[in-house]
Amino acid sequence: MKKIMIPAFLILAMSFVQFTFSQEKPNPYKYEIHKKVVCKNGAVASANALASEAGVNSLKQGGNAVDAAIATQLALAVVFPQAGNIGGGGFMIIHLKNGKNIAIDFREVAPGEASRDMYLDLNGNAQTHLSQDGHLAAGVPGSVAGIFAAMKYAKLPFKKLIKPAIDFAEKGFAISALEASLNNQTKNQFIKFNTTVPIFVKNDLWKEGDTLIQKDLANSLKRIRDYGEKGFYEGETAQLIVDEMKRGKGIITNNDLTNYKAIIRQPLVFDYEGSKVVTMPLSSSGGIILEQMMKMSSFENIDKMQFETPQSAQLMTEIERRAFADRAKYLGDPDFVKVPVATLVSDSYLKERLKDYEPGKAGNSKDIKEGVIPEESKETTHFDVIDKDGNAVSETTTLNGWFGCKTVVAGAGFLLNNEMDDFSVKPGVPNMFGAVGADANAIAPHKRMLSSMTPTIVLKNNKPWIIVGTPGGTTIPTSVYQTLVDLIDFHMSPEDAVDKPKFHHQWLPDVIIVEQSFDKNVLEALKKMGYAITMTKGIGRTEVIMVRHDGSIIGVGDKRGDDSVAGY
Ligand code: DON
């Protein structure tokens, strides 16, 4: 037998290659979830371990936080198909090391053929099943346009950033127990709302560790890799979307797709106890109501209160009630309606809003409505990124409900959103999150439906300090609010701020929704004050990255899901 001699330098080089390979390629069939990381150079916290690893690997390859965000977002579209997406939309907040803050609005828009009463029957009754499931529920997707708007701030070539996503789609990955159970639970809906049987449907049941291969999705991603934005909004993928619409009585057209534009906006920035909060402006309501809530808290000296006491829980509930009453009345797409933003967040207005707040006594949403404005001149996913230079990204993206409208574009392998349900389909009729709205959020062609997504970066001395966000529909702004108060006012650790119980009030329905682990004595005290309470299993999946005094980075993924952090 011939002996093959391998020169020593090659062995070294091979082991190095292997080392970098194993470092840079998580094994998609066997990976671990990390709830916490402490590191120096950079971190990603997202809903899925493979996606967080994909993001961190792009940092290790010389990318910045924007590169990592794009790699993470694309990977989530494959490994977290219930919410990660290319058929949905979302919002991205970027802080660049040069001090610049940028907001990218890649929210879906209503198709050109949409109309105000499109979900009402002949008697004027709301048909919310049509705004929630199937082809008609889909808004024009914004995610791919959002990614290319962000590419302006990235360093690495796009094909590098999309490669992990293509690999996960083409070669498959092992699904978690949670994902297996979601696929199984949704099986009948997948069958009902599709014109062909999607890949998420299996004859027998899915189980933990099964491999999910998404060949059609891999091909859609390759078209984006090869043709950029046009690889989605024009050509084969666009045609597959339009054909799918025609088969299922949907209304998205080629024109809707070619005309979709992500919008770069000025982020909403406000001061809070010596730090600067950078968050999302309209078309998300999240930033405005976060500013309202945090300012009202500071007027009432919440820092003197403590976490999970009757005092703090009541104050925050009353603050949330007032912010959500304003949301329902005044907020909508600023390109379509005039929104009195400056007044809504002004100190004088917010002090007036709290005038009828009585400690120890429950308010009620019959008497407490939106404020008076004087004449003026179930699913989403969030991730955080920071890099070694101090660039940071906070991004929330969604299909709206789990698996969106449940319709997969046949031949293209991706799910479409059911974001049309975030419009107010009829004044006063609650959407799937129980939120009500009025004229400001009525449906109109090409209009953005009002969101609650609240990707947020808090700066201290103009450098990223806290990066935070969560899914959860209307509970998003209240979870971000509570997490920030926990960190800034109650000085809690990031793990506690993420994992300890959350609660939520959204004006209507007039109840406090509380996580089951919430302190029972506090609940009793709140009931005595006159509050109605509803228990819920879990609120949101908050991710936090925080930079500590010594410059080290701590990242925390929510215990409520498969959320996982990676760092180096
Ligand atoms: O934009 C919004 O506010 C909703 N479409 C978000 C949906 C969501 O967070 C679902 N997640 N649980």
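This passage goes through the ligand site, two helices, the cysteines and some unusual backbone spots of a predicted model.

The model is predicted, so local features are taken at pLDDT of at least 70 and side-chain atom pairs at pLDDT 80 or more, while totals for chains, interfaces and linings use all residues. Residues are numbered from 1 along each chain as its sequence is written, and side-chain values rest on heavy atoms, with hydrogens and water left out.

The ligand comes first. There are 16 residues around the ligand, and Thr380, Asn400, Glu419, Asp422 and Gly473 come nearest; a residue counts as near when one of its heavy atoms lies within 4 Å. Sorted by class, this shell holds 4 nonpolar, 7 polar and 5 charged residues. In that sorting, Ala, Val, Leu, Ile, Met, Phe, Trp, Tyr, Cys and Pro are nonpolar, Asp, Glu, Lys and Arg are charged, and the others, Gly among them, are polar. Three polar contacts can be picked out, a polar contact being a pair of N or O atoms within 3.5 Å; within protein, one atom must be able to donate a hydrogen and the other to accept it, and residues adjacent in sequence count only if both atoms are side-chain atoms. The side chain of Thr380 puts an N or O atom 2.3 Å from an oxygen atom of the ligand. With Asp422 the ligand partner is a nitrogen atom, 2.6 Å from an N or O atom of the side chain. Gly473 uses its backbone instead, with an N or O atom 2.6 Å from a ligand oxygen. As for cover, the ligand on its own would expose 340 Å², and the protein buries 97% of that. Areas of this kind come from the Shrake-Rupley method with a 1.4 Å probe, and for residues only the protein chains shown count as cover.

Just before Thr380 in the numbering, Glu379 sits in the loop between helix H15 (347-353) and strand S10 (380-386). Glu379 counts as buried because its relative accessible area is 11%, where buried means under 20%, exposed over 50%, and partly exposed in between (1.4 Å probe, protein chains only). The C-alpha atoms of Glu379 and Asp562 are 14 Å apart, with their positions 183 residues apart along the chain.

Next come the helices; helices (H or I, at least four residues) and strands (E, at least two) are DSSP runs, numbered from the N terminus. Helix H13 covers residues 310-330, and its 21 residues should span 30 Å at 1.5 Å a residue, which agrees with the 30 Å between its end C-alpha atoms. The expected span here is 1.5 Å times one less than the number of residues. H13 is mostly covered, with 18 of its 21 residues buried. Leu315 belongs to this helix and is buried because its relative accessibility is 0%. Its C-alpha atom is 7.7 Å from that of Ser297, 18 residues away along the chain. Arg321 is also in H13, and at 0% relative accessibility it counts as buried too. The side chain of Arg321 reaches the backbone oxygen of Gly363 at 2.9 Å.

Helix H5 (residues 143-151) has 9 of its 9 residues buried, so it is largely enclosed by the rest of the structure. Among these buried residues are Val144, Ile147, Phe148 and Met151.

On the cysteines, a search of the whole structure turns up 0 disulfides, a disulfide being a pair of cysteine sulfur atoms within 2.5 Å. Cys39 counts as buried at 8% relative accessibility, and Cys405 is buried at 0%.

Finally, the backbone. Most residues other than glycine have a negative phi, and most peptide bonds are trans. The bond from Leu282 to Ser283 is cis, with omega near 25°, and Ser283 lies in the loop between strand S9 (275-279) and helix H12 (286-299). Another cis bond joins Leu508 and Pro509, with omega about -5°; Pro509 is in the loop between strand S14 (503-504) and strand S15 (512-515). Trp507 is found in the loop between S14 and S15 as well, and has a positive phi near 75°. At 9% relative accessibility, Trp507 counts as buried. Lys249 also has a positive phi, about 60°, although it is not a glycine. Lys249 is in the loop between helix H10 (235-247) and helix H11 (254-259), and is exposed, with a relative accessible area of 72%.
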